[in-house]
Amino acid sequence: MTKTETGYIYGKTALSDEEYQKARKILLDLQAENLKLTEEGYGPFLAAIYDKEGNLIAKMPNTVAKDNCCLCHAEVNTIRQANEKLKTYDLAPFELSIYVTAEPCIMCAGAIMWSGIKRVFYGVNSFDVERITGFDEGFKPDWIKEFTDRNIEVYGEIEAQAGRDVLEKYVSTGKEIYKPSCDR
């Protein structure tokens, strides 16, 4: 892991300034849209998948509470939409990147890894997600190492404060916080 002024780089390849600015813009736009979506009962997470040319392939919010389904996290919803649009379960040939308003939980990390997505960009780290919302992000031992071993690049904590602001706003409004009722 390398800490830079722009966030964290996990893996082998540093972002160019142009790539970082693109990721920063996408994540800021996602956070702004995420804030609006939370007011409509979604969230508080949003993900988008782009191809290597910068074309939007899929974008979906977390719909767990709206759909009454624990699997409907933003990343899973977005991957499903990309699979449908591209008519394949294997996204690897498309060299896609996923941008997520927060670090993927254990379920979403698995979905991303098995989807064939090549790059992950996220805003808020799991520690802050749990601290602010109380969500259980799950046990993710060495998830970033597992990703880099599979040639999946990870870039984290990009515009994290914007994401923390959205999460804090979500919690302050008293909206439902998805937490399964299991003992820990």
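**Exercise 1. Place Pro-44 in the chain and say what is special about the peptide bond before it.**

Step 1: find the place. Pro-44 sits in the loop between H1 and strand S3 (46-50). Helices (H or I, at least four residues) and strands (E, at least two) are DSSP runs, numbered from the N terminus.

Step 2: look at the bond. Going from Gly-43 to Pro-44, the peptide bond is cis, with omega near 20°.

A word on the ground rules: this is a predicted model, where local features need pLDDT of at least 70 and side-chain atom pairs count only at pLDDT 80 or more, while totals for chains, interfaces and linings use all residues. Residues are numbered from 1 along each chain as its sequence is written, and side-chain values use heavy atoms, with hydrogens and water left out.

**Exercise 2. Take Glu-95 and Asp-142, which have a positive phi, and work out where each one lies and how exposed each one is.**

Step 1: the angles. Glu-95 has a positive phi of about 50° although it is not a glycine. For Asp-142, also not a glycine, the positive phi is about 55°.

Step 2: the places. Glu-95 belongs to the loop between H3 and S5, and Asp-142 to the loop between H5 and H6.

Step 3: the accessibility. Buried means under 20% relative accessible area, exposed over 50%, partly exposed in between (1.4 Å probe, protein chains only). At 41%, Glu-95 counts as partly exposed, whereas Asp-142 is exposed with 53%.

**Exercise 3. Is Lys-140 buried or exposed, and which side chain does it contact?**

Step 1: Lys-140 lies in the loop between helix H5 (126-133) and H6.

Step 2: its relative accessible area is 13%, so Lys-140 is buried.

Step 3: a polar contact of 2.7 Å links the side chains of Lys-140 and Ser-126. Such a contact is a pair of N or O atoms within 3.5 Å; within protein, one must be able to donate a hydrogen and the other to accept it, and residues adjacent in sequence count only if both atoms are side-chain atoms.

**Exercise 4. Classify the ring pair Trp-143 and Phe-147, then go through some other aromatic features.**

Step 1: the criteria. Rings of Phe, Tyr and Trp (its six-membered ring) pair if their centres lie within 6.5 Å; planes under 30 degrees apart count as stacked, over 60 as edge-to-face and the rest as tilted. The whole structure gives 6 aromatic pairs.

Step 2: apply them. The centres of Trp-143 and Phe-147 are 5.0 Å apart and the planes are at 85°, so the pair is edge-to-face.

Step 3: the setting. The two residues are 4 apart in helix H6 (residues 143-149), so about one helical turn separates Trp-143 and Phe-147. Trp-143 is buried at 9% relative accessible area, and Phe-147 is buried at 2%.

Step 4: elsewhere, Tyr-50, Tyr-99, Phe-121 and Tyr-155 form one aromatic cluster. Lys-66 lies over the face of Tyr-42, at 4.8 Å from the ring centre; the test is NZ of Lys or CZ of Arg within 6 Å of the ring centre and within 35 degrees of the ring normal.

**Exercise 5. Describe the largest pocket and the second largest pocket: volume, lining and residue classes.**

Step 1: the terms. On a 1 Å grid over the protein atoms alone, a cavity is a set of points where a 1.4 Å probe fits but cannot get out, and a pocket is an open set with protein on both sides within 12 Å along at least five of seven lines; lining residues have an atom within 4 Å of a point. Grid points are joined across faces, edges and corners, and a volume is the space filled by probe spheres set on the points.

Step 2: the largest pocket. Its volume is about 310 Å³. It has 21 lining residues, and the closest to its centre are His-73, Cys-105, Asp-136, Glu-137 and Tyr-178. H4 gives the most to this lining, with 3 residues. By class the lining has 14 nonpolar, 3 polar and 4 charged residues (Ala, Val, Leu, Ile, Met, Phe, Trp, Tyr, Cys and Pro count as nonpolar, Asp, Glu, Lys and Arg as charged, and the others, Gly among them, as polar).

Step 3: the second largest pocket. This one holds about 210 Å³. Its lining includes Glu-19, Lys-22, Tyr-99 and Glu-95. H1 brings the largest share, 3 residues. The classes here are 2 nonpolar, 1 polar and 7 charged.
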